[in-house]
Amino acid sequence: MAKDREEELEIPAAAPTELDGIDLPEELPVLPAKDIVAFPSVIMSLYVGLPKTVRAIEKAVAADKLIFVVAQLDPDLEEPTKKDLYRIGVVCSVLRTLQLPDGRYKVLLQGLLRARAKSYSDDQKFLKAKIEPLPPPEHLKLDAQDEVLMNRVHESLRILVENEHLAEEILVVTQELDEPGILSDMVIAHYRLEIPDAQELLEELDPVERLKRTEALITDDLNQFLISEKVRNQARDEMTKDQREYFLREQIKLLRRELGEADTQSEELDGLREALAKARLPKEAQKEVDKQLQRLERLPQESSEYALVRTYLEWFADLPWSKKTRERVDLKRARKILDQDHFGLEKVKERILEYLSVRKLNKDSHGPILCFVGPPGVGKTSLGRSIAKALNRKFHRISVGGVRDEAEIRGHRRTYVGALPGRVIQGLKQAEANNPVFVLDELDKLGSDFRGDPSSALLEVLDPQQNSEFSDHYLSVPFDLSSVMFIATANTTDSIPEALLDRLEIIRLPGYTTEEKVKIADTYLVPRQIAENGVKGKGVIFGDEALEFLVERYTREAGVRGLEREIGSLCRKIARQFAEDGELRKKVTVDFIREALGPTRFDPDVDEQLDSVGLVRGLAWTAHGGEILHIEASIASGSGQVSLTGRLGEVMQESARAAVFYARANADALGLDRKFHQTNDIHIHAPGGAIPKDGPSAGVAIVTALVSALSGRKVSKDVAMTGEITLRGAVLQIGGLKEKALAALRYGIRKVIIPFENIKDLEEIPKEQRDQIKFIPVRHIGEVLKIALLEPKRKGVGQRKASKTSSRGRKNKDISFNV
């Protein structure tokens with residue numbers, strides 16, 4: 001390869017600032033500089049390759065050898081236009097040009113004086129500028145302070161050069177300069193600052209002010225040099241100590257070889273020392289490691305204690321004591337990630353973005369621990385994964401469901417056989433960073449027994465005021481957890497201890513409606529299952545009608561986990577058929593779903609389609625979301641016995657007894673026989689007898705079912721209801737209205753009776769779903785009966801013997817109702 005034939009150029013002394021009698025033209029060719037800012041009195045070389053720039057150089061050489069050098073606003077632009085250049089630059093003289101073998105030119109330029117471009121023009125050959133010279137002040141008088149400033153600059157440069165921090169040439173060039181403007185320009189040009197910083201100094205026309213800023217730059221450089229020298233000296237002393245220890249160890253190795261002993265132990269210890277040195281342990285941990293290393297050196301390799309100590313030290317070496325990922329808080333990117341990964345959940349996303357905004361403004365903020373509460377399959381854990389992705393942090397999930405031993409959190413003491421650190425420290429080792437996003441899954445399923453209370457251990461983990469010195473029993477030294485972002489998930493807050501709940505900010509995730517599930521399936525679940533089951537790119541599609549049928553007839557859940565399983569099952573059947581016969585089903589239809597998945601699992605019961613006596617549709621809240629809870633009441637001739645069946649809890653049984661007493665106390669107003677409780681047996685039942693049910697909000701449903709059975713008036717099939725009842729008939733406020741409303745919508749019910757005090761909770765229900773339901777707020781049970789009971793077509797038990805009514809049950813999931 002041909003080499004460039006050119007002589008080495010020495011840095012000259014300051015060039016003159018005059019034009020040596022040459023008139024400065026009004027218009028000059030322009031040379032855009034990508035990565036350098038030209039300064040007067042400075043000689044520099046540039047490589048030129050663009051055709052326009054080459055023509056500008058040729059024009060300058062052919063004329064008066066003058067060219068206007070100005071920096072680009074964006075150094076990455078290959079072909080800048082007149083809009084991409086700064087206004088202030090330097091008029092330079094072309095001293096020499098040299099053509100290189102690759103076709104480029106190397107141009108040697110000498111800065112003459114500052115100038116401002118009044119306008120730029122482009123005639124397609126090269127850029128030109130009409131310029132206005134900005135000459136330096138003439139006959140500048142320096143006072144004593146200015147002289148001191150210049151002396152300080154010269155002295156700082158001398159120190160940096162003598163310590164080989166700067167090249168000696170800079171001292172040669174500047175030592176004879178006594179004009180502040182030229183001195184500052186020479187120093188700034190040598191430092192090669194960032195383009196915006198250098199341009200700002202170029203545009204500073206006051207020479208003294210420019211020298212002050214230059215002096216600040218040199219002083220900062222000198223301070224950094226002195227600090228680095230101090231650190232280097234300390235490191236040299238440490239190195240001397242390490243070299244002595246190394247020499248002694250080598251002597252020990254030599255003696256062991258002379259004795260014929262194997263040296264595998266020393267090799268292991270050397271590797272362990274190297275790993276521990278890379279871990280950059282804090283002072284207290286380093287002290288413990290040094291102690292255990294000395295102990296390990298004295299132990300025979302065959303000893304059981306040797307393995308225990310070595311494992312202990314390996315944990316220290318593997319933990320990320322000082323290793324962390326670089327956090328990036330970009331709110332637009334975070335919003336995009338949340339929208340890509342999750343459908344809907346607008347309020348949840350807004351709260352997450354607020355949380356991230358605070359972290360962006362205050363890196364040291366110790367905000368509340370977020371706890372996502374909602375039914376299974378609504379995206380709680382995946383929200384944590386999205387937060388980690390948005391922050392550019394590692395993600396780790398710890399399932400604490402079923403944990404009953406405190407040592408699972410704090411670790412086992414090393415005196416126990418098989419002792420290990422707790423799950424938190426183990427998670428940090430797996431994450432390989434000390435600032436991951438930790439998701440504590442299933443927080444509501446923590447247990448406790450004679451081995452301790454894990455929730456108490458979590459108090460220290462989740463408290464920002466304490467977790468900076470979290471003590472794991474196995475490590476026996478503090479580990480800083482303050483950089484870890486903890487996020488918890490739970491299905492319900494009822495079983496979370498009060499002290500732990502106090503440290504959490506609860507963000508509730510409701511269940512999805514049928515329409516939302518269809519959109520989620522079409523956007524996320526179907527493409528994922530098609531890809532996982534090998535039929536991606538084959539043109540397989542799921543119609544909206546088929547997806548809606550699949551949601552309503554084969555899954556009845558708040559989330560979409562079961563729906564994804566069913567979609568996966570359909571994709572597997574399509575894949576099998578394609579693999580066996582080569583026939584590919586392109587479109588999934590309702591008929592194919594029936595054929596592939598068998599009979600539908602959730603068909604509307606006959607009773608659900610008819611107005612019935614003694615059958616009321618109550619609304620329940622469960623850990624899996626909202627559900628419809630049927631309440632049946634039936635009467636028969638007897639002696640006044642009241643039977644309560646369906647695994648009703650204590651609170652629900654009290655509601656039933658209160659309903660019976662209310663009916664007795666208000667028999668005349670309700671049009672009932674005053675002695676109905678003496679001549680009839682009453683049976684109140686909640687279908688799904690294998691499922692425990694409890695809670696106060698079934699009160700209005702029980703009263704309505706009882707009055708319907710006693711009066712013979714049918715209950716409207718279009719109405720569902722929820723609310724607690726008092727002995728005076730008042731309807732009290734309930735919880736979980738959002739989940740209950742979504743359950744009513746899921747079952748096709750469009751009229752819901754709610755307590756009047758729950759009107760404020762309607763804002764939590766998405767507007768799209770809220771508009772589909774007619775909510776009827778009531779204060780008294782009389783209003784409920786007037787709305788829910790239809791006009792009688794036969795006389796009730798108040799006029800003649802009681803009629804026997806019954807109602808069929810329906811399929812339920814094996815979950816506990818909280819109504």
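Let us start at Asp 544, which is found in helix H18; helices here are DSSP runs of H or I with at least four residues, strands are runs of E with at least two, and both are numbered from the N terminus. This is a predicted model, in which local features need pLDDT of at least 70 and side-chain atom pairs count only at pLDDT 80 or more, while totals for chains, interfaces and linings use all residues. Residues are numbered from 1 along each chain as its sequence is written, and side-chain values use heavy atoms, with hydrogens and water left out.

**A negative patch**

Is Asp 544 buried or exposed? With a relative accessible area of 51%, Asp 544 is exposed; the cut-offs are under 20% for buried and over 50% for exposed, with partly exposed in between (1.4 Å probe, protein chains only). Asp 544 belongs to a negative surface patch, together with Glu 515, Asp 522, Glu 545, Glu 548, Glu 552 and Glu 768. Helix H17 (514-532) and helix H18 (544-554) are the elements that give two or more residues to this patch, and H18 provides the largest share, four residues. To be in a patch, a residue needs over 30% relative accessible area and no salt bridge; like charges are joined within 9 Å, and nonpolar side chains (Val, Leu, Ile, Met, Phe, Trp, Tyr) within 5 Å.

**Salt bridges**

How many salt bridges does the structure hold? There are 31, each being a side-chain nitrogen of Lys or Arg within 4 Å of a carboxyl oxygen of Asp or Glu. Here are three of them, with the distance between the closest N and O atoms.

| Pair | Closest N and O atoms |
|---|---|
| Arg 158 and Glu 155 | 2.1 Å |
| Arg 310 and Glu 314 | 3.8 Å |
| Asp 341 and Lys 389 | 3.3 Å |

The Asp 341 and Lys 389 pair links distant parts of the chain, with Asp 341 in helix H10 (residues 331-341) and Lys 389 in helix H12 (residues 380-391), 48 residues apart. Asp 341 is partly exposed at 27% relative accessibility, and Lys 389 is partly exposed at 40%. Elsewhere, salt bridges that share partners join Arg 335, Asp 339, Lys 349 and Glu 350 into one network.

Within helix H2 (residues 144-162), Arg 158 and Glu 155 are three residues apart, so about one helical turn separates them. Arg 158 is partly exposed, with 28% relative accessibility, and Glu 155 is partly exposed as well, with 36%. In helix H9 (residues 304-318), Arg 310 and Glu 314 are four residues apart, about one turn of the helix. Arg 310 counts as partly exposed at 28% relative accessibility, and Glu 314 does so at 33%.

**Two buried acids**

Now to the interior, where Glu 288 sits in helix H8 (residues 283-298). Glu 288 counts as buried because its relative accessibility is 16%. Apart from neighbours within four places in sequence, Glu 288 is in contact (heavy atoms within 4.5 Å) with Tyr 312, Phe 316, Arg 414 and Val 477.

Where does Asp 472 lie? Asp 472 is in the loop between strand E10 (470-471) and strand E11 (478-479). Asp 472 is buried yet has no salt bridge, and the nearest side chain of opposite charge, Arg 410, is 8.1 Å away; for charge, Lys and Arg count as positive and Asp and Glu as negative, with His and the chain ends not counted. Not counting residues up to four places away in sequence, Asp 472 touches Ile 409, Arg 410, Gly 411, Pro 421, Gly 422, Ile 425 and Val 477.

Note on methods
Areas by Shrake-Rupley, 256 points an atom, 1.4 Å probe, with all protein chains shown as cover. Charge placed at Lys NZ, Arg CZ, Asp CG, Glu CD.
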